[in-house]
Amino acid sequence: MSTTVVSMENVSKAYKDVMALDGVSLRLEQDKIYGLLGRNGAGKTTLMSVLTAQGFASSGEFSVFGEQPHENEKVLSRICFIRESQKYPDDFKPFHAFKAAAIFYKDWDNALALQLAKDFQLPMKRRIKKLSRGQLSAVGVIIGLASRAELTFFDEPYLGLDAVARQLFYDSLLADYSEFPRTIVLSSHLIDEVANLLEHVIVIDKGKIIVDDDAENLRGSAFSVAGPAARVESFAAARAVLHREGIGALLSLTVEGVLSQAERREAAELGLEVGPVSLQQLVIKKTLDAGIAGVPDGAREETAKAARKSSRMGASQ
Amino acid sequence: MNRAVGVAKMQLISKWTFLGIPALIIGVSFAFSLLIWAMIPDSVGTKYSGAGQAVMWYFFGLGIQSLTYTFPFSQGLSISRRNFFFGTVGLFAVIAASISVLYVLLGFVEAATNGWGLQGQMFSLGWVSEQPWGGQLFFYFVVMMFLFLAGFWGATVYKRWQTTGLLVMFISLGILLVGSVALITWQGWWAAVGSWIVALTPVTLGLLALGLAALLGVGAYLTLRRATP
């Protein structure tokens with residue numbers, strides 16, 4: 001039985017005309033890496049703000065390390081949450097920010113911070129407000145990693161980072177995590193890129209949790225099958241198709257469900273290629289479904305059509 | 001309370017904001033005063049300079065700045081609002097006290113050297129320097145705390161309720177002031193008010209400012225408790 005770090009029960013947060021969080025219930029367990037996925041404005045940052053007492057919920061119960069976090073130093077001292085739009089003191093340079101973090105995090109690893117700053121090619125003596133978007137993200141990433149807080153949130157940490165720096169972040173995260181396990185929540189809308197890091201996936205859309213499952217379960221819940229269109233269609237006939245992609249006479253389908261051994265053999269005999277499915281496709285499909293479910297009947301068909309169109313356009317790129 | 005001390009340390013990481021700039025303002029405003037005194041013929045008698053208050057106005061801005069920039073950062077490091085408040089205001093109290101001591105000491109030197117040999121008066125301002133040193137210290141300290149907390153609270157109100165908050169605050173303040181003027185006029189109290197103002201000493205004015213500063217401090221703390229970065 002693993003230890004619960006965060007539990008939320010029916011938590012909502014209302015802004016003037018939107019529900020940023022709408023009846024969210026969640027449990028986060030110790031020493032796992034969570035992906036908090038969703039579109040822009042889905043409620044990811046609001047959720048993390050509420051959990052770190054930077055923001056306030058309108059209703060509902062939640063606890064972090066078994067207690068409520070607001071003004072609770074015992075809980076807060078174990079949390080780190082540098083937001084995507086984090087503000088720094090006006091005259092701060094990166095090394096000032098790291099010095100400040102070192103004061104408050106008992107497990108702060110300064111050697112790691114310096115090493116990461118070097119890897120990210122972060123100018124330590126330039127004012128933070130003059131840094132590029134990517135360098136600004138790097139400051140947040142370094143604080144998040146080197147603080148080694150028991151509960152660390154990364155809020156779209158890759159913004160402005162180039163491909164090399166992003167890979168560097170993912171690698172450092174995994175390396176440091178395996179040495180110092182802790183609970184990590186990674187908010188992202190670049191799903192495929194972080195998919196391999198995640199042990200558990202939470203998808204939020206319009207303030208509601210629409211997926212809360214193990215990454216493995218999720219991946220196993222669907223498969224892709226590709227081959228000549230007619231044969232693929234007949235093979236998948238009785239199944240729910242999540243996504244289709246066709247090029248000429250060839251067709252590739254993402255299909256919900258699990259294949260038995262016999263079915264796999266059948267597919268092989270038909271000359272069809274069966275493979276795993278990408279997390280991103282699953283999440284997109286589920287998000288679109290959730291969106292359609294919330295739309296009145298007349299508009300539903302339109303939305304579905306638009307969704308199919310956009311996913312096809314996405315595929316052709 | 002350890003983390004409140006941490007907040008004070010964090011505010012001092014960049015020495016410039018809390019220490020360098022105030023020192024520079026005091027030094028430069030004093031140097032300018034000396035230069036101007038030297039240009040004025042001695043026959044005019046005592047030459048007054050109001051430059052001593054320059055640094056105090058900087059603290060008004062500092063109150064705003066320490067909230068708008070440092071508060072969101074402190075939230076990122078998961079520091080409670082309470083510790084942020086006590087660390088920041090506590091650090092400021094120490095700085096205000098040090099500058100008060102400096103002003104009183106410089107005032108003594110000023111008086112002893114016939115206004116730096118130039119008949120100047122910047123630190124030992126007549127009205128304040130008539131007080132024993134304790135009264136002078138108290139006055140300078142309270143005025144600085146008042147200005148800092150005014151900026152700090154104003155910025156907190158903005159953080160929590162944005163422009164609406166500031167508008168409501170200023171309109172209420174306006175209503176309060178105009179209302180008092182109306183009340184005094186209507187009751188024919190102006191003569192009494194006039195003699196009360198004339199009778200104010202730095203200590204009584206300081207006590208008044210202390211009351212207001214305490215009010216501002218409590219207001220800022222309660223506002224900050226539920227402010228979001």
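In the predicted model, Val201(A) of strand E8 stands opposite Asp213(A) in strand E9. The two strands, E8 (200-205) and E9 (208-214) of chain A, are paired in the antiparallel sense over six bridges. Together E8(A) and E9(A) form a hairpin, with two residues between the strands. Lys206(A), in the turn of this hairpin, has a positive phi of about 50°.

Val201(A) also has a partner in strand E3: Gly35(A) stands opposite Val201(A) in E8(A). The pairing of E3(A) with E8(A) is parallel and comprises four bridges. E8(A) is thus joined to E3(A) in the parallel sense and to E9(A) in the antiparallel sense. Five of the six residues of E8(A) are buried, so the strand is largely enclosed by the rest of the structure.

Strand E3 (residues 33-37) of chain A is further joined to strand E7(A) by five bridges, and these two strands run parallel. Within this pairing, Ile33(A) has Ile184(A) of E7(A) as its bridge partner. E7(A) also pairs with strand E6 (residues 151-155) of chain A, again in the parallel sense and over five bridges. Here the bridge partner of Asp155(A) is Ser187(A) in E7(A). The connection between E6(A) and E7(A) involves helix H6 (residues 163-179) of chain A, and the three elements make a right-handed β-α-β unit.

Burial was examined for E7(A) as well. Six of the six residues of this strand (residues 183-188) are buried, so E7(A) is largely enclosed by the rest of the structure. In a regular strand the side chains alternate between the two faces of the sheet. Both faces of E7(A) are covered. On one side lie Thr183(A), Val185(A) and Ser187(A), and on the other Ile184(A), Leu186(A) and Ser188(A), all of them buried. Two of these residues take part in the bridges described above, Ile184(A) with Ile33(A) and Ser187(A) with Asp155(A).

Chain A as a whole contains 12 helices and 13 strands. Of its 317 residues, 41% count as buried. The C-alpha atoms fill a box of roughly 65 × 45 × 40 Å along the principal axes. The radius of gyration of chain A is 22 Å, which agrees with the value near 20 Å that a compact globule of 317 residues would have. Among contacts in chain A with a separation of 6 or more, 68% are between residues 24 or more positions apart.

Chain A is divided into two domains, domain 1 (4-216) and domain 2 (221-316). Their centres, taken over C-alpha atoms, are separated by 33 Å. The contact between the domains takes 11 residues from domain 1 of chain A and eight residues from domain 2 of chain A. On the domain 1 side, helix H7 (191-194), E8(A) and E9(A) each supply at least two residues. The largest share of this side comes from E8(A), with three residues. By class, the domain 1 side has eight nonpolar, no polar and three charged residues. The E8(A)-E9(A) hairpin therefore consists of two strands that each contribute to the side of domain 1 that touches domain 2.

Glu273(A) is located in strand E13 (residues 273-275) of chain A. The residue is partly exposed, with 13 other C-beta atoms within 10 Å. Apart from neighbours within four places in sequence, Glu273(A) is in contact with Ala226(A) and Gly227(A). Ala117(A), by contrast, lies 156 residues from Glu273(A) in sequence, and the C-alpha atoms of the pair are 44 Å apart in space.

Chain A also makes contact with chain B. The contact involves 26 residues of chain A and 25 residues of chain B. Helix H2 (73-76), strand E5 (79-82) and helix H3 (94-104) of chain A are the elements that give two or more residues to the chain A side. H3(A) gives the most, with six residues. The residues of the chain A side divide into 13 nonpolar, six polar and seven charged.

Conventions:
Residues numbered from 1 in each chain as written. Chains lettered and ligands numbered in written order. Predicted model: local features only at pLDDT ≥ 70, side-chain atom pairs only at ≥ 80, totals over all residues. Domains from an automatic or database assignment. Contact = placed C-beta atoms within 7 Å. Nonpolar A, V, L, I, M, F, W, Y, C, P; charged D, E, K, R; others polar. Buried ≥ 20, exposed ≤ 12 C-beta atoms within 10 Å, placed from the backbone. Pairing = 2+ DSSP bridges. Right-handed = clockwise from strand over helix to strand, strands pointing away. Rg over C-alpha atoms; globule rule 2.2 N^0.38 Å.
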